[in-house]
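Hi,

Here is the structure I said I'd pass along. Have a look at it first, and then read my notes underneath.

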Amino acid sequence: MSESIESTESNTKRSRIGRRLRIERLSSYWLGGAGYFAIALFVLIVLTLLYQSAPLLSEYSIVQMLTSSNWDPAQNEFGFMPAIVGTIYVTVLSMAMGTPIAIFAAIYIAEYAEGRAKTLIGSFIDVLAAIPSVIFGLVALIVVVPFVGDYLAPAVGSSATGLGIFTVSLVMAIVVTPFMISLSVESLEALPDELRESSLGVGATKWETIRIVLLRAAGPGIFSAILLGFGRVFGATIVPAMLIGGQTQLPDSPFATGQTLPTLIVNDFGELMSLPLTQSALIFVGLMLVVVVWLFNFGAMLVRSRLQRRWQY
Amino acid sequence: MDRYAKQRLFSALAKGSAALVVAVMILVVAVTIVRGGVVFLTDPAIAFTPPGSRYMLEGDGGFLHAVLGSVFIVGPATLVSMTLAVSTAIYLQSDYSSERFSDVVNMFLNVLWGTPPIVYGVFVLTVIIAVGAQTSLFFGIVAIAIFQYPIMTRYTDEALRSAPDTVREATYGLGATRFETAIMTVRAALPGVIAGVIMGFARGIGDAATVLFTAGRSTNMPGGLFEPSTTLPVLIFDQAMSFNAEVRSHAYAAAFVLIVVVLGLILASKILAGRYARYTPGGRHS
């Protein structure tokens, strides 16, 4: 009697363990798949873009396309030079405007601000980072465009409607700054307090502490934040498409209208997409974007790990 | 300049930069809310009226199609992406993978995180071309889900990382399997995970470049899973380029709706993260 009770009990126990182990095994397959998903997505993106830009690459030489400034898909002319120059212009200008402000603001948040002010400014930065870029473009249309067109461009002796490379750069600087700030603040705040204490203890002023000790120790993190910011501006689509004016020519001044690689895709998508070669050309633009941005990203990671070893405190 | 003057100069610079950034953010939000609020509040019906047949040209009707499109695209995309992101974060955090493999996957996730959204758009577009389909709601969902995946994984990963180790040790100590332990860890980090999902949702609902080529930029009400559709950011982008002044003014109303939704989502995520910091030992304040 008692034996049979024991055996049913152990049976239910065994079956329960069996079920748990079955769940464990099945879930580990699913989770394993999810673990590989990022790599699979990466490889899939590269392969599809490569495969679809193959028709263009087999017809024209890369060097010739990258250096030709004649972009006229309807005539099968694919010169990427104007868009490349425009992209570099925008990236360099907006990083030149955004980086110093981002670093100083990060220093303020991490080293000067305290208590509620810190929390408040931190949340402001988070909000700024989450505002959709199309809203920046829209606000810029009624704030930045008239300002640049009516005051700034005439002031430096150049006539412009206000749409153009400089406007895009200014707005992109605003878009990318909060992103760089929050990454820089993160790496400044990760530094141990002993660094600050010992530097102040040997008589350095607060600014000397920041410049000589903290910026150096947080340097790898800040540097990779800047590189990631570069990648952000480089691949920005909506703001340039709204504000750059969309003319495919080599820009002759910072206030000229132009084209960046992403806006090339946006502007020529649609009517021209039905031509297979144009389609392939625009997909090739996507491939170029991916390759450059990924180089920036891998560069940021590499720099970070290299410098971290060298700039040890 | 002596070192104290230098110190004063640079602290003023730091303060000034921070003030500038805050001022710009207030300007952007204020312009959107005031300009859009005026248009929206004088005629709130435009957000709930279907577009007329010549909406982009003459501005008859409203932009309900984009509001619904946003909900129908970003909602399912967030669910799909959340499932994948939480699973990936569990896989990377708990005892399924070696540390080395986690590092490799994290590297790829970082790279995907930095990939411009337009690339996801072009990628999904090439898939559409390859399978011979047309742009539709479905592919919009796919594109947004791919775009959200690295963002949500990052937040979820962070949340799971700050869940106390004692939870894991205690569950293992009671004889739980890895999966049961993982579930308990997610539960301990739940507010952080939810905050991350909300942030992913906010980013997804604000992004235009991914859906620009994949959902179809339709000017009609969303008709079905495989019919063209549009979202609010894409609509704002199109409205801002319109030649019709009324349509352009609708862009500000749409931006008002969008920014209110996004700000609300951020607020919700902040509140959750704040609660989270209070209840987790050693939790961070954000």
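**Between the chains**

A salt bridge links A:E208 to B:R3, with the closest N and O atoms 2.8 Å apart. Before you go further, please keep in mind that this is a predicted model.

That pair is part of a count of four salt bridges between chain B and chain A. Polar contacts were counted too: 14 residue pairs qualify across the interface of chain B and chain A, both residues being at pLDDT 80 or more. On the chain B side that touches chain A, helix α1 (residues 3–42) gives the largest share, with 21 residues. Sorted by class, that side of chain B holds 58 nonpolar, 14 polar and eight charged residues.

How many residues does each chain bring to the contact? Chain B puts in 80 residues and chain A puts in 79 residues. Together the two chains bury about 7,300 Å², and carbon and sulfur atoms make up 81% of that.

**Inside chain A**

The domain assignment splits chain A into domain 1 (2–59) and domain 2 (66–310). Their C-alpha centres are 39 Å apart. Where they touch, twelve residues come from domain 1 of chain A and 13 residues from domain 2 of chain A.

The buried area here is about 990 Å² between domain 1 and domain 2 of chain A, with 85% of it from carbon and sulfur atoms. Which residues of domain 1 of chain A lose the most area to domain 2 of chain A? They are A:F42, A:L49 and A:L56, and together they account for 50% of what the domain 1 side buries.

As for charges, the rule finds zero salt bridges across the interface of domain 1 and domain 2 of chain A. Polar contacts between these two domains of chain A come to two residue pairs, both residues at pLDDT 80 or more. The side of domain 1 of chain A that touches domain 2 of chain A has nine nonpolar residues, two polar ones and one charged one.

**Confidence in chain B**

The average pLDDT of chain B is 85, and 96% of its residues score at least 70. One stretch to flag is residues 281–286 of chain B, where the pLDDT is below 50. Beyond near neighbours in sequence, that stretch has seven contacts in the model. Where pLDDT is low, predicted coordinates should not be read in detail.

Cheers

Definitions and conventions. Residues numbered from 1 in each chain as written. Chains lettered and ligands numbered in written order. Predicted model: local features only at pLDDT ≥ 70, side-chain atom pairs only at ≥ 80, totals over all residues. Heavy atoms only, no water. Contact = heavy atoms within 4.5 Å. Buried area = accessible area lost by both parts, 1.4 Å probe. Salt bridge = Lys/Arg side-chain N within 4 Å of Asp/Glu carboxyl O. Polar contact = N/O pair within 3.5 Å; in protein donor to acceptor, adjacent residues only side chain to side chain. Helix = DSSP H or I, 4+ residues; strand = E, 2+ residues; numbered from the N terminus. Nonpolar A, V, L, I, M, F, W, Y, C, P; charged D, E, K, R; others polar. Domains from an automatic or database assignment. pLDDT = per-residue confidence, 0-100.
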